[in-house]
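Colleague: Could you take me through one part of this model in detail, the helix at the C-terminal end and whatever packs against it? I'd like one connected account rather than a list.

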Amino acid sequence: MATRKQIAANRRNAAQSTGPRTQEGKERSRMNALRHGLAAKQAGSDETWDQRSSATPADIFARIVQIENERLKLASSTEELLTAQLPQLVLEKLERLSAVDRYLQRALSMLTKAAE
């Protein structure tokens with residue numbers, strides 16, 4: 001349990017952590033998903049994975065497997081956090097899980113289109 005002094009310090013620090021304030025900073029942070037994580041650009045390419053028009057069904061399926069593995073890890077860690085009763089961390093994991101689900105739906109849609 002945090003002491004009153006620690007809680008006060010956390011609140012002071014949190015008041016300074018308000019995210020990007022300038023339009024340039026907001027635009028830069030908006031692109032984080034394209035630099036990190038499952039939506040990251042492929043090495044040596046200016047396109048994100050789901051923007052490539054030449055993705056073969058095998059490439060798409062490999063990506064679906066990768067996304068599904070990430071989903072399983074997130075679901076497992078979320079379950080552990082629920083057991084440990086850490087609600088803020090559970091919320092963060094659920095938000096990440098939701099994003100992974102969106103990537104999965106996009107990949108499945110691409111696979112369907114590629115099969116046609």
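Modeller: From the N terminus on, the chain simply reads α-α-α-α-α, so to speak a run of five helices with zero strands. Keep in mind that this is a predicted model. Of its 116 residues, 19% count as buried.

The part you asked about is α5, which covers residues 87-115. That's 29 residues, and from the first C-alpha to the last the helix reaches 41 Å, close to the 42 Å you'd expect at 1.5 Å a residue. The buried residues in α5 are Val90, Leu97, Ala99, Val100, Tyr103, Leu104, Ala107 and Met110.

Now for the partner. Two packed helices are described by the angle between their axes and the distance between the axes. Here the partner is α4, residues 57-83, and the pair packs at about 160° with the axes 9 Å apart. Angles over 145 degrees count as roughly antiparallel, so that is how α4 and α5 sit relative to each other. The crossing of α4 past α5 is left-handed. Sorted by class, their contact has 20 nonpolar residues, two polar ones and six charged ones.

Much of the buried list from α5 turns up again in the largest nonpolar core, which has ten residues. Ile60, Ile64, Ile67 and Leu74 belong to it, along with Leu97, Val100, Tyr103, Leu104, Ala107 and Met110. Both α4 and α5 supply at least two residues each, but the largest share, six residues, comes from α5.

What about Leu111, which also lies in helix α5? Its relative accessible area is 22%, and buried means under 20%, so Leu111 counts as partly exposed. Leu111 also gives you a handy distance across the chain: its C-alpha is separated by 9.2 Å from that of Asp59, although the two residues are 52 apart along the chain.

Last, have a look at the loop between α4 and α5, where you'll find Gln85. Which sign does the phi of Gln85 have? It's positive, at about 55°, although Gln85 is not a glycine. Is Gln85 buried or exposed? Its relative accessibility is 67%, and the cut-off for exposed is over 50%, so Gln85 counts as exposed.

Put together, the picture around α5 is a roughly antiparallel pairing with α4, a ten-residue nonpolar core to which both helices contribute, and a loop between them that holds Gln85 with its positive phi.

How values were computed:
Residues numbered from 1 in each chain as written. Predicted model: local features only at pLDDT ≥ 70, side-chain atom pairs only at ≥ 80, totals over all residues. Heavy atoms only, no water. Helix = DSSP H or I, 4+ residues; strand = E, 2+ residues; numbered from the N terminus. Expected span 1.5 Å × (residues − 1). Buried < 20%, exposed > 50% of the residue type's maximum accessible area, 1.4 Å probe, protein only. Axes fitted to C-alpha atoms, helices over the stretch in contact; angles between N-to-C directions. Parallel < 35°, antiparallel > 145°, perpendicular 65-115°, else oblique. Left-handed = near helix turned anticlockwise from the far one by under 90°. Nonpolar A, V, L, I, M, F, W, Y, C, P; charged D, E, K, R; others polar. Core = buried A, V, L, I, M, F, W, Y, C linked by side-chain atoms within 4.5 Å.
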